[in-house]
Structures are given as C-alpha cells and as structure tokens.
Amino acid sequence: MSGPRALDSGIRLEIDRITCDAYGTCAELLPEGIDLDEWGYPVIAAGNVPLHLVDLARRAADSCPVLALRLVRVSIPAAAAVGQAAGDRRPETRPDRMEGTPPWPPRPASRTAKAGPKARRR
Amino acid sequence: MIPRVLAGPSPAAGAEPLAGHRARLGDLPGRADRAHLIGMLDSAGLLGRGGAGFPVGRKWGSVAGRANGDAVVLANGAEGEPLSHKDRVLMASRPHLVLDGLELAVEAVGAQRAVLYVGSEHSRARAALEHALAERAAERSRTLPRVPTTIVSPPVSYVAGEESAAVHFVNTGDPRPVTVPPRPFEKGIGGRPTLVQNVESLAHVALVARFGDAWYREAGRAGTPGTALVTATGGARPGVLEIDFGTTIGELARLVGVASEGGPVLLGGYFGGIVAGTDAWSLPLDPAVLRAQGSGFGAGVVAFLGDDTCGVTTTARIMDYMAGSSAAQCGPCVFGLRAIADSSARIATGQAHRDDLTRLRGWSQSIAGRGACRMPDGATGLLASSLRVYEADWASHQHHRRCSLRRAAAVATA
C-alpha cells in the first residue's frame, strides 16, 4: 500500500443490525469505510477506524436516522500505545463484519471529493 | 465406551423416577464440597453442549462474579435444530440429572430464580420435567436450597434457543434474538445476570459434582475430555448415542449402521458444515479439530448424507428452511438468506439464472457476521461447505441443468 500510514484510533464502528433500516446515510458520509450491499445494508471495513477519519465516522453515526451506528472504543489509540500493538486487545464485542472485508484505505495526501453514492435498489 | 449421562435404564423406558435416580447415583455432595464446584468444572474442561462449546466453568464464574445472589439460571432445552434430538431424549429420560445440574447452578452462581426453557414441540420432555419437579416438591429432606422454578415453552422456532432470544422470550414473550451487548450474563431475565446453560451441560455438571473432575477426564481422547450426546442420522440404526469425545466419524458410522463408507457427512446440523467423505471418516468428534476443519461439533449432529444423494437439492432445501426460520429482524439475514434460498432452488431444479452460482459464492462470504445473532453465519457456513464439497454437482446443475442423483438426503426438511 502506498500513502502515509493511517494511525489507529482504537475505535471501531458497530451497527445495531436489528435497528438498521438501510437508509444508507452512513455510506454517503463515510464511503472510505462503509459500503452498501445489494439490498442497501452497510458493510463496514475491517478493523478500527483510522484516526484521521474519526470525526467523519462520528458525523456518520450522529446522522443515522435510526441511530443504528455507533463508535465503540476497543483499545487505546495508537498515539498513546507506545510499545503496544494497537490490535493486541480483543474487541469487547464480536467482529461486526465478514471475513475478507477490505481494510480501511491508507491515509490520503488530501481528502478528495468522492463519487456520489452508488445507485441503490431499495 | 461407557455411557455417563445416559447410564442406567434405557432412555426408551421413559423418565427415570427420583427414587431410581437417587439409588443409582447417590446424593449430591455436601455443602463444603459444592463450594468448589466452579473450579472443578474448570479443571474438568467441561464444554457447553448447546452448540457454541463455551467452557462451562468460565461461564458460571462470569455470572457469579456479577450477581449479588440475585442471578437467574435458565436451563436451555429449546432444541430447535431440526436434526438434533439429544436434548429432548435427555430431558424425557433423565429429568433428575438435569434438575440436579440446575440446582447446582442456582447455588453456584447465586440465583433467586430458575427457568426450564423447553421447546413446545418436546411434549414428553416437558411432561417428564413437570413430574420430576413435583417429585422433588414432595420430598422431605433436601440437599440444596430451593428457588422458584418454572417451565417455559417457546413456540417452535429455529432461533428461539439462541441465548438472547431465550431471555427475550421470558422477559417479553417474543422469542427473537436481541442486539448484544448487553449479553444475558450481564443483563438477562428481569435485568439480572442470567446463566443460560444447555440441559446436557447441566446433566454433566450433576455427574462432575458427584464423581469429580478427574473422573470426568477419564473419558474422551486426545486432549478433549468427557463424553457427549450425539444425534446420528442416515444409518440403519439412527438415534441419540453417548460417545467419548475423540471417537472418529468412521467409528460412529459403524455404530449406527452406515452401510457404505465415503459419503459426505453433515456435522453440527443446519448451522454446521458438510465434510467430504474421504476426509470425514478418520476425523475425531472433537470440537477443536472440527472447527479447524471449517466445520464444527455444534450440538452433536452427525448426519451421514450418503454418496447417492444430490447435495445441491439437499442444500437448497436446508437453505429454504433457514430463510423461513430467520427472525426477520436484520436486513442481511432477511434478504440474504431469501436470495440464497431462491438461487439454490433454481439451480437445484434446473432453472438456474446465468449468474446464480456466482452470486451464491459471493453471498456465502458476504453475509456472515452481519446479523444480531449468528443465524446468517450458520446458514452461509453450511452453504460455503456445500459449494466446496459438491463443487462439481453445483457446476453441473448450473451449467448443464442436470443431476445424476435425483434424491435429496432425508436430512433436509421438505
């Protein structure tokens, strides 16, 4: 991977799957880490949210019409984790994602405008 | 192999009465010995028998550590897995072993209330437990303190046995899973820390309490101690058996009269995985080994599918059952399992759309982990294993619209 290494925020995104109603707002606000499946339900990138995207992730969570998305602290952030691998500690809840989910992208040089959200079938 | 929880009179003889149970096994140990029960369960290495295989001692310790003497214990006998019969057989034939384990759990975790959660289709099991509770109520001297114990029966449902669904049903009458955390051991029935433990696990506890952790470890093989109840189908003598952990699938096949070696084997039930016969025969029934194989011991289902049955049709029927059994709460499960069932059915019946098999392969990887409970994980895990083991059959159905084997295995509900 090219680009500067993304710092681990120690925070992961979790979805309340029962509450989630496929509004898709989260994927529009955070396309770097949230994709939508063919039915419009979110697929979250593997691992913790990179530090530089935490504010956007929080905005995505706050904007969910049914408040199904939340940020959960699972480990200490990379900045504070001197001598400790940030991924060492087990998340408190089980992984909310599938095997092989693409990871979060590396930190971009500057945030560029993304293409609009994908057409949805809902 | 020597039976343990099924030792004594034949299960076919019905419920063992309290007098017979006491005469055969003796009383539970005194209070001083019972005080170390959780530690004994840890060193016995007893694993839960509801499907997840979580260490029993650790689970009890978590509840005990959170409760201030006001926990709840739920004995899980929902047994909604269509291929499993071991819990209903156990409850119907050894109700006092289950109740001994329940009372030990109540004392060990510090509970004020106990619930027997028995699937409403298991009428013999429920009757046996009701009668057993009445026998105990009439008894004069008692070893253990008694707490209010009720029998609760959820409607017939695949997901009602999931632990958050069980707690939800007792709390609200809705037998559907809820989003966790909080998990039942944190906040369960009536908001109290709740131990949800499979009935077979409780029966093993009743024996470990009497005979000790070293005794428990005398059975079993290759690092996985103890015995387990299994439900075996597909042979001439199908049924519920007690085996040593580590018994190979080939040995079990001979016990239940499977005629030909080499057919694929469905392990763990509709939540499990299919293993090719060539790999399966020498595999030990050991949760750790099976998990490493991409399958699982689950609740002890071993279904011999035979090599003359159509794996595609069998899988399509199971997928249809799973889609129909979704609690219909989470989008990826509702839409994903239905899409899988529809595509599988088209492929099985020679009406495949051009991209059906490709899409099935994608869904077998993209839906797991995206529900409140593990329903989508279970269904897609089984699908993925079927796509591997029956790869040529799926391709033949998809591309040539034909199958040389017309029959579906009897394990699939029509």
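Two residues count as being in contact when they have heavy atoms within 4.5 Å of each other. By that yardstick, 25 residues of chain B are in contact with 16 residues of chain A. Keep in mind that you're looking at a predicted model. Here's a quick tour of two meeting places: the one between the chains, and one inside chain B.

**Where chain B meets chain A: area**

- Put the two chains together and about 1,600 Å² gets buried between them, with carbon and sulfur atoms giving 54% of that.
- Three residues stand out on the chain B side: T179(B), F335(B) and R370(B) supply 32% of the area that chain B buries against chain A, more than any other three residues.

**Where chain B meets chain A: polar and charged pairs**

- The interface of chain B and chain A has two salt bridges.
- One of the pairs joined by a salt bridge is D37(A) with R370(B), whose closest N and O atoms sit 2.8 Å apart.
- So R370(B) turns up twice: in the top trio for buried area and in a salt bridge, which fits the rule that a side-chain nitrogen of Arg must lie within 4 Å of a carboxyl oxygen of Asp or Glu.
- There are also five residue pairs in polar contact across the interface of chain B and chain A, counting pairs with both residues at pLDDT 80 or more.

**What chain B brings to the interface**

- Two helices of chain B, α15 (331-348) and α16 (356-366), are the elements that give two or more residues to the side touching chain A.
- α15(B) gives the most to that side, with five residues.
- Sorted by class, the chain B side has 12 nonpolar, eight polar and five charged residues.

**Inside chain B: how it's split up**

- Chain B comes in three pieces: domain 1 (11-217), domain 2 (227-304) and domain 3 (311-400).
- The C-alpha centres of domain 1 and domain 3 of chain B lie 34 Å apart.
- Those two domains do touch, with nine residues from domain 1 of chain B and nine residues from domain 3 of chain B taking part in the contact.

**Inside chain B: domain 1 against domain 3**

- About 750 Å² is buried between domain 1 and domain 3 of chain B, and carbon and sulfur atoms give 66% of it.
- On the domain 1 side, Y158(B), R176(B) and P177(B) lose the most area to domain 3, together 57% of what that side buries.
- Between these two domains of chain B there are zero salt bridges, but two residue pairs are in polar contact, both residues at pLDDT 80 or more.
- The domain 1 side that touches domain 3 of chain B has five nonpolar, two polar and two charged residues.

Terms used: Residues are numbered from 1 along each chain as its sequence is written. Chains are lettered from A and ligands numbered from 1 in the order in which they are written. This is a predicted model: local features need pLDDT of at least 70, side-chain atom pairs count only at pLDDT 80 or more; totals for chains, interfaces and linings use all residues. Side-chain values use heavy atoms; hydrogens and water are left out. Buried area is the accessible area (1.4 Å probe) that two parts lose on being put together, summed over both. A polar contact is a pair of N or O atoms within 3.5 Å; within protein, one must be able to donate a hydrogen and the other to accept it, and residues adjacent in sequence count only if both atoms are side-chain atoms. Helices (H or I, at least four residues) and strands (E, at least two) are DSSP runs, numbered from the N terminus. Ala, Val, Leu, Ile, Met, Phe, Trp, Tyr, Cys and Pro count as nonpolar, Asp, Glu, Lys and Arg as charged, and the others, Gly among them, as polar. Domain bounds come from an automatic or database domain assignment.
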